Amino acid sequence: MAQNNPVRFESWRGGVAVIFARELSVRDYRNFASYTLELAEGVTILVGRNAVGKTNLVEALQLLTSGASFRRPAPAELVAEGETSCKLDLRLEGEGRVIDLGCAVREGKRSFSRNGKKCRAAGVRGVVPSVLFCPDDLDMIKRSARVRRSALDGFGVQLNEQYAQLLGAYERLVEQRNALLKERWCTREMLAAWNDSLAQTGASLLVHRVALLDRVRERFVEAYGRIAPGERVGISYESTVAPASPGAPGDAAPPAPDLPRAEQAAAWKVAFLAALDASFEDELRRGITLVGPHRDEIRFSIDGRDARTFASQGQQRSLVLAWKVAEVAVTRDILGHPPLLLLDDVMSELDAERREAFMRGIEDEVQTVITTTNLGYFSDAILNRAKVAPIGG
Ligand SMILES: Nc1ncnc2c1ncn2[C@@H]1O[C@H](COP(=O)(O)OP(=O)(O)OP(=O)(O)O)[C@@H](O)[C@H]1O
Ligand SMILES: [Mg+2]
């Protein structure tokens, strides 16, 4: 996958790259007038009372590494109250090189920069990818399918720029097609051209998604085995375009994963067009596109049963932990170096056993930033090797 991404590799090609985020500095950003945070190569623990700005710093790190924030703020929300602009900078170092990634908000608009040159989000995204784990993620298994799709897509877009472009293009097509479906004069014939573009782009997106999920699955099963040995877990991709267990006669089956990608894409496209054709009446009545990757499900299972309804609270948490460990492992598998791991306030949410299991799954060379209000959640083993940065005095 990574070969498709020239942005990512132009600076770091060759050998196992050791890339670290060294220094974050922010100006007029959220609750900070000016702040600089030096990061350790291993674990940095940000400790401080509630509302001192720990999550804000994690968000800044996520913005500068993934090009997006889990809070999805409007640009103006990033600017400290009473100010008109803000600036965030992250210095990365590795292989004797330095890369400065920047993000600024001016006149209500957000922009990014790389080594001082203005760029799109794609220019900063994934130079060092980040994996964020925050309390909201702990409900990922039982929330709506959108949350699980976003988890996979948010990961995929950092690893592969083509994935990001396909996702953006696909989402725009769905929006435009939905606008057309809402028009009274919309007919099957009018939709035909849209259907073709949607199926073409959606099919390529499906190939990327399914391939990424295949890689995640392998690491996820390993990680879960370490957290809760003896339970058989799975993740499957269930497409509205070609259900794995066809419900209606004529439903297509998903293409075999060992087919060449072009053939998989062609098969998805045929299935997608057929599914659009079959759902036309419903779509027209409801004014929305009812089939496609934007409606698909990523299903977690334990011992063959759907985890969304079957798994206990604790099992659901273990599934999420395993997913995050898998994201770290897959990043390393694909890019040759681990991501920046951001753990916002999750230690307090996990029992001691899961905390230990999780930290064991994260190896020493993963640069990690952890926020907490209480250092009591950490074992001496972690505290001895971590840099502790008090926030808010
Ligand atoms: N644009 C802004 N201007 C000024 N203050 C802001 C802005 N955006 C957020 N804040 C403030 O930043 C403060 C710190 O938020 P943050 O979520 O980072 O706290 P935290 O240290 O993670 O706390 P907790 O331990 O409760 O999670 C909040 O009180 C919030 O109101
Ligand atoms: Mg917080």
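Begin by selecting ligand 1 together with everything around it: 16 residues surround this ligand, and the closest are Ala51, Lys54, Thr55, Asn56 and Val79. Keep in mind throughout the tour that this is a predicted model.

With the shell displayed, colour its residues by class, and you will find that they divide into four nonpolar, six polar and six charged. If you then switch on the secondary structure, look for helix α2, which spans residues 54-66 and, with three residues, gives the most to the shell around ligand 1.

Next, zoom in on the oxygen atoms of the ligand and draw distances to the protein. From Ala51, a backbone N or O atom lies 2.7 Å from an oxygen atom of ligand 1, and from Val52 a backbone N or O atom lies 3.2 Å from an oxygen atom of the ligand. For Thr55, the atom to pick is in the side chain, where a polar atom lies 2.7 Å from an oxygen atom of ligand 1. If you now show the surface, the protein covers 69% of the 660 Å² of accessible area that ligand 1 has on its own.

Stay with Val52 and select this residue by itself. Val52 sits in the loop between β3, which runs over residues 43-47, and α2. Is Val52 buried or exposed? Its relative accessibility is 10%, and because the limit for a buried residue is under 20%, Val52 counts as buried. To see what packs around this valine, leave aside the neighbours within four places in sequence and display Asn31, Phe32, Ile391 and Gly392, with which Val52 is in contact. For a sense of scale, add Arg188 and draw a line between the two C-alpha atoms: Val52 and Arg188 are 136 residues apart in sequence and 56 Å apart in space.

Leave the ligand now and go to Asp303, in the loop between β10 (297-302) and β11 (305-306). The point to check here is the backbone, since Asp303 has a positive phi of about 45 degrees although it is not a glycine. With a relative accessibility of 41%, Asp303 counts as partly exposed.

The last stop is Asp345, which you will find in the loop between β12 (340-344) and α12 (352-361). Here too the backbone deserves a look, as the phi of Asp345 is near 65 degrees, a positive value in a residue other than glycine. The relative accessibility of Asp345 is 30%, so this aspartate counts as partly exposed.

Key: Residues numbered from 1 in each chain as written. Chains lettered and ligands numbered in written order. Predicted model: local features only at pLDDT ≥ 70, side-chain atom pairs only at ≥ 80, totals over all residues. Heavy atoms only, no water. Near = heavy atom within 4 Å. Polar contact = N/O pair within 3.5 Å; in protein donor to acceptor, adjacent residues only side chain to side chain. Areas by Shrake-Rupley, 256 points an atom, 1.4 Å probe, with all protein chains shown as cover. Helix = DSSP H or I, 4+ residues; strand = E, 2+ residues; numbered from the N terminus. Nonpolar A, V, L, I, M, F, W, Y, C, P; charged D, E, K, R; others polar. Buried < 20%, exposed > 50% of the residue type's maximum accessible area, 1.4 Å probe, protein only. Contact = heavy atoms within 4.5 Å.
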